[in-house]
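Colleague: I'm new to this one and would like a close look at a single part of it. Could you pick one strand, walk me around it slowly, and then show me how the rest fits in?

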Amino acid sequence: ARIGAVAGLHDVTELKQNALRLEQLAYSDRLTGLPNQRKFLEGLRAALQEAAGKPQPATLMLLDLDDFKRINVSFGREFGDRLIVEIAARLKRDAGAGALVARLGDDEFGIVVDPASQESAVGLQPEAVCAGLRSQILLDGRAVVITGSVGATPLLAHLTDMEALRHADLALNEAKRL
């Protein structure tokens, strides 16, 4: 009976570990380890629910890397993937500890920044996000400078998640046009 109890404990531990792995796969981008679109939408909904009564709303930013397909064509998909990983790390660092940074698509990212949880104001501005991208990235002895377009909108309590995304997407399209 003692051996059975130990084996049962091992089975439960293994089940819990498998459940954690499945959750990570369901909510994380495999390449960058950032939250994926599904997890981002959950975080966006939570930020909108918390928006009521806050003196300064959180900000939703959508970032699209400019002409990223050219990187993959010129240097290969593997190089492009490593560049995406580096960009994801920079975005996470620059947005701050309280921000939600997610990879939404191949070269698209979403960021929710709550000013109440920020240690500094650097991550609050779309310009700061773009500036962080423009600094040189060294990969395989190549110096790469990437640019991006950012659309931002305040997360006001009356907005739904889809309305907030539409506002940020409209702002992103305007930034790309300019």
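Let's take β1: which residues point one way from this strand, and which point the other way?

Modeller: Happy to, and please keep in mind that this is a predicted model. On one side of β1 you have T59, M61, L63 and L65, while L60, L62 and D64 point the other way. Whichever way they point, all of them are buried. Put as a count, seven of the seven residues of β1 are buried, so the strand is mostly covered, "buried" here meaning under 20% relative accessible area. For the whole protein chain, buried residues make up 40% of its 178 residues.

Now look at what sits beside the strand. Four strands form an open sheet in the order β2-β3-β1-β6, with antiparallel pairing. The edges belong to β2 (100–105) and β6 (148–154); each has a single partner strand, so one side of each has no neighbour in the sheet. On average, neighbouring strands here are turned by 20° against each other, ignoring direction.

So β1 can be followed on both sides. Towards β6, the antiparallel pairing runs over seven bridges. Towards β3, the pairing is also antiparallel and runs over six bridges. L60 is a handy residue to click on: its bridge partner in β6 is T153, and in β3 it stands opposite V112. Step along to M61 and the bridge partner in β6 is A152. As for β6 itself, that strand is mostly covered, with five of its seven residues buried.

L63 is worth a stop as well. Its C-alpha atom is separated by 8.6 Å from that of V129, even though the two residues are 66 apart along the chain. V129 belongs to helix α5 (residues 126–134), and it counts as buried because its relative accessibility is 7%.

Next, the pocket. The largest one holds about 240 Å³ of space. It is lined by 15 residues, and the ones closest to its centre are L62, L104, E108, L165 and D169. You'll recognise L62 from the strand we started with: it is one of those pointing the same way as L60 and D64. Besides β1 (59–65), the elements that each give at least two residues to this lining are α2 (37–50), β3 (108–113) and α6 (161–177). The most comes from α6, with six residues. As for the mix, nine of the lining residues are nonpolar, two are polar and four are charged.

If you leave β1 by the loop that leads to α3 (68–75), you meet D67. This residue is not a glycine, yet its phi is positive, at about 55°. D67 counts as partly exposed because its relative accessibility is 49%. There is another positive phi to look at in D140, again not a glycine, with a value near 50°. You'll find D140 in the loop between β4 (137–139) and β5 (142–144). D140 counts as exposed because its relative accessible area is 54%, with the cut-off at over 50%.

One helix deserves a visit before we zoom out. Helix α4 covers residues 77–95, and its 19 residues should span 27 Å at 1.5 Å a residue; the C-alpha atoms at its ends are 26 Å apart, which agrees. Several residues of α4 are buried, among them F79, L83, I87, R90 and A95. Right after the helix comes G96, with a positive phi of about 105°.

Finally, the big picture. The protein chain has six helices and six strands. Starting at the N terminus, the elements run α-α-β-α-α-β-β-α-β-β-β-α. To place our strand again, β1 sits between β3 and β6 in the sheet order, with seven of its seven residues buried.

Notes:
Residues are numbered from 1 along each chain as its sequence is written. This is a predicted model: local features need pLDDT of at least 70, side-chain atom pairs count only at pLDDT 80 or more; totals for chains, interfaces and linings use all residues. Side-chain values use heavy atoms; hydrogens and water are left out. The expected span of a helix is 1.5 Å times one less than its number of residues. Buried means under 20% relative accessible area, exposed over 50%, partly exposed in between (1.4 Å probe, protein chains only). On a 1 Å grid over the protein atoms alone, a cavity is a set of points where a 1.4 Å probe fits but cannot get out, and a pocket is an open set with protein on both sides within 12 Å along at least five of seven lines; lining residues have an atom within 4 Å of a point. Grid points are joined across faces, edges and corners, and a volume is the space filled by probe spheres set on the points. Ala, Val, Leu, Ile, Met, Phe, Trp, Tyr, Cys and Pro count as nonpolar, Asp, Glu, Lys and Arg as charged, and the others, Gly among them, as polar. Two strands pair if DSSP finds at least two bridges between them. Axes are lines fitted to C-alpha atoms, for helices over the stretch in contact, and angles run from 0 to 180 degrees between N-to-C directions.
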